[in-house]
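Please read this briefing alongside the sequence and the structure. The points are grouped by topic, and each one can be checked against the coordinates.

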Amino acid sequence: MAKSQQTYNKIEKEKARQKKREEKLKKKEARKAESKDSQGIQFAYVDQYGNLTDTPPDPSEKIKVDADDIVLGIPKKDDSDIEEVDPIRKGKVSFFDSSKGFGFIIDAENSEKYFCHVSGLIDTIIENDKVQFELERGMKGMNAVRVKKI
């Protein structure tokens, strides 16, 4: 007599799969029956606050909007809106290591420290020199560039 090709484990797995299929089919049938019973909201309206409701909005509360008044994009700036800011700042070199090629400059106006690299220098500088510089955004913050001795 020959042995069966299916092991006990295979039979149990197949039974579990069949059971899952049946449960899934039952859930599907239940959802179908539930959707037929409840009609839900036939029409959805949006009130003045942006909420969905089943009652239509009151026409007396409707606001008339002229299409020409709607601005698409960013309005252009006038020259009068722009403040004239001097890009050149003054400060003092607090630290500079010429062997490594970097240092820090303290701004005279707001006492902020700005990083300075040798590639951004016009003149050679040392510590405690009075300098003028411009700011440029770097990877880790603002950097002093175009640095000159005063």
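Which side chain meets that of Glu14 in a salt bridge? The partner is Arg21, with the N to O distance given as 4.0 Å. The model is a predicted one, and the values below are to be read as computed from it. Within this model the protein chain has one helix and seven strands, and these follow one another along the sequence in the pattern α-β-β-β-β-β-β-β.

**Overall character of the chain**

- Of the 150 residues in the protein chain, 13% count as buried, and the chain exposes about 13,800 Å², of which carbon and sulfur atoms supply 52%.
- When contacts in the protein chain are restricted to residues at least 6 apart in sequence, 38% of them join residues at least 24 apart.

**Strand pairing around E3**

- Strands E3 and E4 run antiparallel and are joined by six bridges, and among the paired residues Gly91 has Asp107 as its bridge partner in E4.
- The hairpin of E3 and E4 has four residues between its strands, and in this hairpin Gly101 takes a positive phi near 85°.
- Strand E3 is also joined to E6, again in an antiparallel arrangement, by four bridges, and Arg89 finds its bridge partner in E6 at Phe133.

**The surroundings of Asp107**

- Asp107 belongs to strand E4, which spans residues 102-107, and Asp107 counts as buried because its relative accessibility is 1%, where buried means under 20%.
- A polar atom of the Asp107 side chain lies 3.2 Å from the backbone nitrogen of Glu109.
- Leaving aside residues up to four places away in sequence, Asp107 touches Arg89, Lys90, Gly91, Glu112, Tyr114 and Phe133; of these, Gly91 is the residue for which Asp107 serves as bridge partner in E4, while Arg89 and Phe133 are themselves bridge partners, with Phe133 in E6.

**Salt bridges**

- A search of the whole structure finds seven salt bridges, and in general terms, side chains of opposite charge can pair when their charged atoms come close.
- In the pair of Glu14 and Arg21, Glu14 counts as partly exposed at 38% relative accessibility, and Arg21 is likewise partly exposed, with a relative accessible area of 47%.
- Asp129 forms a salt bridge with Lys149, and their closest N and O atoms are 3.8 Å apart. Because Asp129 lies in the loop between E5 and E6 while Lys149 lies in strand E7, this pair ties together parts that are 20 residues apart in sequence.
- The two members of that pair differ in their exposure class: Asp129 counts as buried at 14% relative accessibility, whereas Lys149 is partly exposed, with a relative accessible area of 42%.
- Arg146 forms a salt bridge with Glu134, the closest N and O atoms being separated by 3.1 Å. Since Arg146 lies in strand E7 and Glu134 in strand E6, the pair ties together parts that are twelve residues apart in sequence.
- Arg146 counts as partly exposed at 40% relative accessibility, and its partner Glu134 is partly exposed too, with a relative accessible area of 21%.
- Glu14, Arg17 and Arg21 are joined into one network by salt bridges that share partners.

**Positive phi outside glycine**

- Arg146, which lies in strand E7 (residues 142-149), has a positive phi of about 50° although it is not a glycine.
- Asn128 also has a positive phi without being a glycine, with a value near 70°, and the place of Asn128 is in the loop between strand E5 (113-117) and strand E6 (130-137).
- Asn128 counts as exposed because its relative accessibility is 52%, the cut-off for exposed being over 50%.

**A nonpolar patch on the surface**

- Ile63, Val65, Ile70 and Leu72 form a nonpolar patch on the surface, and together they have about 490 Å² of accessible area.
- Ile63, one of the residues of this patch, lies in the loop between strand E2 (52-53) and strand E3 (89-97), and at 70% relative accessibility Ile63 counts as exposed.

Terms used
Residues numbered from 1 in each chain as written. Predicted model: local features only at pLDDT ≥ 70, side-chain atom pairs only at ≥ 80, totals over all residues. Heavy atoms only, no water. Helix = DSSP H or I, 4+ residues; strand = E, 2+ residues; numbered from the N terminus. Buried < 20%, exposed > 50% of the residue type's maximum accessible area, 1.4 Å probe, protein only. Patch = residues over 30% accessible without salt bridge, like charges linked within 9 Å, V, L, I, M, F, W, Y side chains within 5 Å. Areas by Shrake-Rupley, 256 points an atom, 1.4 Å probe, with all protein chains shown as cover. Contact = heavy atoms within 4.5 Å. Polar contact = N/O pair within 3.5 Å; in protein donor to acceptor, adjacent residues only side chain to side chain. Pairing = 2+ DSSP bridges.
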